[in-house]
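Got your viewer open? Here's a short tour, one selection at a time.

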Amino acid sequence: MSTVCAIATPPAAGGISVIRISGEKAAEIADKVFRTASGSPVTELKGYRAAYGKIYDGEERLDDGVVLMFRAPHSYTGEDVAEISCHGGIYVTRRVLAACIKAGAEPAGAGEFTKRALLNGKMSLTQAEAVTDIINAQSGQLLSCSNSQREGALYRRAEAIADMIMEVSAQISAWIDYPEDDTPVVTEDWLREKLSAVKAEFSALLSGYDKGRLIREGISCAIVGKPNVGKSTLMNLLSGEERSIVSDIAGTTRDIVEETISIGDVVLKVADCAGIRETDDAIEKIGVEIMLKKLNNADLVLAVFDSSRPLEEDDMTLIEQLSGKLVIPVVNKCDLQLTLDTVTLENKLGRAVYISARLDKTADILSDEIKSRLSLDKLDMQAGVLANERQRSCMLRAADAVNEAINAVELGLTPDAVGVMLEQALDAVYELSGRKASEEVISEVFKRFCVGK
Ligand code: GDP
């Protein structure tokens with residue numbers, strides 16, 4: 001395999017940049033661009049050893065820095081790897097990269113280092129996918145989930161399911177091939193019991209996917225309420241910035257302000273919407289229409305009410321529009337005298353959360369409430385979860401095949417027909433774990449990586 005190189009740090013000015021070289025000739029190529037201060041060649045550096053020195057392009061001195069050597073198989077890729085750290089300027093970093101290419105390295109493609117790690121058996125496909133999840137993690141929960149995936153949680157879970165399927169397949173084959181032997185008879189009841197257990201595993205993983213999606217991609221959340229109840233103040237508190245226009249004049253939030261906000265473990269994609277009310281004002285009307293659309297697409301609605309005002313017609317209209325949606329009624333301005341009919345409100349929309357958007361601790365109160373209402377606090381993200389659409393579609397295919405196998409049992413088809421469907425299920429599970437993933441599947445996965453990872 002060729003020796004490749006790429007800039008592993010972001011393409012921006014910073015303290016340090018790292019140029020990574022991986023392959024058989026990593027040390028040799030690093031030695032052509034890096035002269036150690038001690039004078040000993042980079043090729044003599046053992047694994048996990050670093051040396052200070054100067055970086056050259058031919059005879060032109062580019063920078064000084066450090067080279068760190070990893071020796072196969074004890075490196076990220078499983079190959080010899082040299083990492084050259086230089087000053088974090090965009091130009092100097094590109095020059096060091098160009099010097100490495102001139103010295104014989106090929107430019108690495110997107111995700112090539114991780115792909116090599118996969119091909120060299122350093123990690124499974126689901127573990128490689130977890131690397132991008134770690135890079136993209138926006139919350140503590142997501143980071144710890146991605147770390148578990150990186151350590152093989154999903155891989156192990158998929159392999160355990162594959163073992164369950166294999167056990168059934170093996171019994172069926174033995175029974176077909178050697179019916180006269182002592183192999184246990186494959187009865188309908190036995191098949192039913194075994195396949196139901198496999199189906200239960202699939203169901204658990206698939207239902208966890210939707211909840212996991214909320215944690216991974218963020219919960220799309222609409223903040224609605226009649227004018228002046230404190231939506232913008234709440235939005236500002238959550239985002240920690242003065243973004244929405246706060247004023248005492250009803251109807252000042254005319255644009256939908258949208259933002260991704262991390263509060264504790266929860267990532268919210270929040271749309272602060274124009275107040276819901278019948279209006280003749282053309283601009284505000286557009287806002288109201290966009291808001292209604294947002295409402296329909298939201299995973300969660302925070303419906304804000306003013307504790308110091310009675311329930312009015314606008315509130316009742318809003319309540320009607322919220323039917324069938326996942327809503328948390330938010331009673332705001334609890335620092336003021338309570339006038340709101342909270343009994344009627346809670347009868348209509350369920351248990352409310354009582355806050356004051358002017359107080360800092362409100363963000364944590366809301367985040368806990370959101371987690372508990374969406375049952376995100378019960379989700380065991382460390383147990384191995386489906387983390388992306390590819391994994392989910394493999395699991396769906398496997399689940400379909402097992403369902404067909406169960407139907408075949410119910411219809412009284414021969415065990416070999418059941419066996420054929422189980423083979424399909426097994427293939428899909430192995431594609432998920434990467435054990436039998438085709439070159440196309442692997443290429444598709446690494447397309448989503450950045451160059452240098
Ligand atoms: P919006 O129209 O729903 O976006 O409401 P705003 O966020 O613009 O708030 C309207 C008014 O209520 C502003 O004067 C805010 O300062 C005030 N307000 C918002 N939240 C609270 C709160 O918790 N307590 C009190 N006392 N006033 C609040």
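We'll go from a helix to a core and then to a pocket. Keep in mind that this is a predicted model.

**Stop one: helix H14.** Select residues 415–433, which make up helix H14. At 1.5 Å a residue, these 19 residues should span 27 Å, and the end C-alpha atoms are indeed 27 Å apart, so the two agree. Now step just past the helix to Gly-434, where phi is positive, near 100°.

**Stop two: Leu-422 and its neighbours.** Back in H14, pick Leu-422 and show what surrounds it. Leaving aside residues up to four places away in sequence, Leu-422 touches Ile-165, Val-168, Ser-169, Ile-172, Leu-195, Val-402 and Ala-405.

**Stop three: the largest nonpolar core.** Which residues have the most contacts inside this core of 35 residues? They are Ile-165, Leu-195, Phe-202, Leu-386, Val-418, Leu-422 and Val-429. Colour helix H6 (153–177), H7, helix H13 (389–410) and H14, as each gives two or more residues to this core. H13 gives the most, with ten. For a second, separate core of 32 residues, try selecting Ile-215, Met-235, Val-266 and Leu-376, which are among its members.

**Stop four: the second largest pocket.** Its volume is about 330 Å³. To find the centre, select Thr-132, Asp-133, Asn-136, Arg-216 and Ala-387, the closest to it of the 17 lining residues. Then show helix H4 (125–136), helix H5 (140–150) and helix H7 (188–217), each of which supplies at least two lining residues. Which element gives the most to this lining? That's H4, with four residues. Colour the lining by class and you'll get seven nonpolar, five polar and five charged residues.

Methods: Residues are numbered from 1 along each chain as its sequence is written. This is a predicted model: local features need pLDDT of at least 70, side-chain atom pairs count only at pLDDT 80 or more; totals for chains, interfaces and linings use all residues. Side-chain values use heavy atoms; hydrogens and water are left out. The expected span of a helix is 1.5 Å times one less than its number of residues. On a 1 Å grid over the protein atoms alone, a cavity is a set of points where a 1.4 Å probe fits but cannot get out, and a pocket is an open set with protein on both sides within 12 Å along at least five of seven lines; lining residues have an atom within 4 Å of a point. Grid points are joined across faces, edges and corners, and a volume is the space filled by probe spheres set on the points. Ala, Val, Leu, Ile, Met, Phe, Trp, Tyr, Cys and Pro count as nonpolar, Asp, Glu, Lys and Arg as charged, and the others, Gly among them, as polar. A nonpolar core is a set of buried Ala, Val, Leu, Ile, Met, Phe, Trp, Tyr and Cys residues joined through side-chain atoms within 4.5 Å. Buried means under 20% relative accessible area, exposed over 50%, partly exposed in between (1.4 Å probe, protein chains only). Contact means heavy atoms within 4.5 Å.
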